[in-house]
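I am opening a notebook on a structure that is new to me, and I want to record what I looked up and in what order. Here it is.

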Amino acid sequence: MPGMVDTHIHASQYSYAGTALDMPLLQWLNTYTFPVESHFKDLEFAHRVYTQVVKRTLRNGTTTACYFATIHTDASLLLGQIANDFGQRALVGKVCMDRNNAVKHYKETSQESQEETCRFIAELLKKKYPLVKPVVTPRFAVSCSGALLGQLGEIAKNNNLHIQSHVSETIEEMNLVKELFPEHISYTDVYHKHKLLTDKTVMAHGCHLSDEELTLFRETGASLSHCPNSNISLCSGLLNVRNVLKHKVKLGLGTDVAGGYSASMLDAVRRTLDISKVLTIQDPTHHTLTFEEVFRLATLGGSQALSLDDQTGNFEVGKDFDALRVNVAAPGGPIDPIQSEGPKILLEKFLNLGDDRNIVEVHVAGRKVVPFTEPTATAE
């Protein structure tokens, strides 16, 4: 089957995945996330965490990942190197934030953020990694000044780069954005006016976007990353995927580690179906998503959301071979085959019951990357 595409994952939060899910987003960031991310100035710590997250996501069938790192340029470059060494297709973002009143040592000045982003982009592109590219990454409007957002929009435009951030994850966050940017008509408008909504933009969450904002997403070609585990775990909101698709907005799925506690895209598939069914319970006229639709979101939908669908997402002739070899009947695995079944039933069983024990091989761009071989160190 095609490899899965994780359109939103914080590699730097992997060390505490599965814990710290006891408070809403803004308090969660201040209490857990920012203190942990500040440790990534230590490159030894960064190497340990980033190696584990790349290996774990590959084992789980993520052939393409769109990563948030931290504000630390050298550690972010290290994440790019590790993804390249293990053969994962990746967009890697050095986080930009010049506002942080809660953890005052974990932020940059606007000038530092601009300069370090340019250094990160230049150094990562200079490596000429075939599958790893930079993505301009303002953390979210709450942690960026308007001046910084504008500078990042220009940097992305001048270098024709991808952009990633967060939008309308929680009501509390949206109210804070209104206070910080009172001259803008919506959260989406803040990004749009700073040239950060392009056809290479992916915004995580969007649980509370208005129809007018979704229309702006469609008109600009920007995409959304649906992160259902995180939206449930932090009690953020329930994205109506059907409504997003109705507005013809590009949409992929994300694990959003560590707000989402699982680094597996199979979990993202299951939680997407769960949320769709919850919406149907709340409103019986809601048209529940099918597993086939969600499978598409986890593969081709994700590649479209990242504007990489000319390279990956399905087995169309001319695209790279990003693929999983799945054995539904893997010995000691979680699925007990009872009788002979057709491919569609086997796929449904794998999506609902399978795990990394069923993923026998992972291929990225025609190269077998799982089972692992020891990566060759990248020449400096």
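**Entry 1: two lysines in loops.** I began with Lys-128, which sits in the loop between helix 4 and strand 5. The model is a predicted one, and I keep that in mind for each entry. I looked up the backbone of Lys-128 and found a positive phi of about 55°, although this residue is not a glycine. Is Lys-128 buried or exposed? With a relative accessibility of 69%, Lys-128 counts as exposed, because the cut-off for that word is over 50%.

I then turned to Lys-248, another residue that is not a glycine and has a positive phi, here of about 60°. I located Lys-248 in the loop between helix 10 (241–246) and strand 9, and its relative accessible area of 65% makes it exposed.

**Entry 2: strand 5 and its partners.** From the loop that holds Lys-128 I followed the chain into strand 5. How many of the seven residues of strand 5 are buried? I noted six, so strand 5 is largely enclosed by the rest of the structure.

Next I looked up the pairing, with a general point in mind: strands of a sheet pair through backbone hydrogen bonds, either parallel or antiparallel. Strand 3 pairs with strand 5 in the parallel sense over three bridges, and in that pairing Ala-90 has Val-132 of strand 5 as its bridge partner. Strand 4 (residues 95–96) also runs parallel to strand 5 and is joined to it by two bridges, with Cys-96 standing opposite Pro-138 in strand 5. Between these two strands the chain passes through helix 4 (residues 110–126), and the β-α-β crossover made in this way is right-handed.

Strand 6 (residues 162–167) is a further parallel partner of strand 5, over two bridges, and there I found Val-136 matched with Ile-163 of strand 6. Together with helix 5 (residues 146–159), strands 5 and 6 make a right-handed β-α-β unit.

I stopped at one residue of helix 5, namely Leu-152. Leu-152 has a relative accessible area of 0% and is therefore buried. Leu-152 and Ser-165 are 13 residues apart in sequence, and I noted a C-alpha to C-alpha separation of 11 Å in space.

**Entry 3: an antiparallel sheet.** I looked next at an open sheet of three strands, whose order is 10-11-12 and whose pairing is antiparallel. Strand 10 (323–326) and strand 12 (367–370) stand at the edges with a single partner strand each, so one side of each has no neighbour in the sheet. The twist from one strand to the next averages 30°. Strand 10 and strand 11 (residues 359–364) are held in register by four antiparallel bridges, and the partner of Arg-325 in strand 11 is Glu-361.

**Entry 4: cis peptide bonds.** I looked up the bond from Val-370 to Pro-371 and found it cis, with omega near 5°; Pro-371 lies in the segment after strand 12. A cis bond also joins Val-257 and Ala-258, where omega is about 5°, and Ala-258 belongs to the loop between strand 9 (250–253) and helix 11 (265–282).

**Entry 5: pockets and cavities.** The largest pocket holds about 240 Å³ of space. Which residues lie nearest its centre? Of the 14 that line it, I wrote down Asn-30, Asn-100, Asn-101, Val-142 and Leu-176. Helix 1 gives the largest share of this lining, four residues, and by class the lining has nine nonpolar, four polar and one charged residues.

The second largest pocket has about 190 Å³ of space. Its lining is made up of 15 residues, and those closest to the centre are Leu-91, Lys-133, His-162, Leu-308 and Gln-311. Strand 3 (89–93) and strand 5 (132–138) each give two or more residues to this lining, which brings me back to the pair of strands in Entry 2.

Last, I searched the whole structure for cavities of 30 Å³ or more and noted three. The largest cavity contains about 120 Å³ of space, and among its 14 lining residues the closest to the centre are His-10, Leu-25, Leu-29, His-166 and Glu-169. Helix 1 (residues 25–37) gives the most to this lining, with three residues, and the lining divides into five nonpolar, six polar and three charged residues.

Note on methods:
Residues are numbered from 1 along each chain as its sequence is written. This is a predicted model: local features need pLDDT of at least 70, side-chain atom pairs count only at pLDDT 80 or more; totals for chains, interfaces and linings use all residues. Side-chain values use heavy atoms; hydrogens and water are left out. On a 1 Å grid over the protein atoms alone, a cavity is a set of points where a 1.4 Å probe fits but cannot get out, and a pocket is an open set with protein on both sides within 12 Å along at least five of seven lines; lining residues have an atom within 4 Å of a point. Grid points are joined across faces, edges and corners, and a volume is the space filled by probe spheres set on the points. Ala, Val, Leu, Ile, Met, Phe, Trp, Tyr, Cys and Pro count as nonpolar, Asp, Glu, Lys and Arg as charged, and the others, Gly among them, as polar. Buried means under 20% relative accessible area, exposed over 50%, partly exposed in between (1.4 Å probe, protein chains only). Two strands pair if DSSP finds at least two bridges between them. A crossover is right-handed if, with the strands pointing away from the viewer, the path from the first strand over the helix to the second runs clockwise. Axes are lines fitted to C-alpha atoms, for helices over the stretch in contact, and angles run from 0 to 180 degrees between N-to-C directions.
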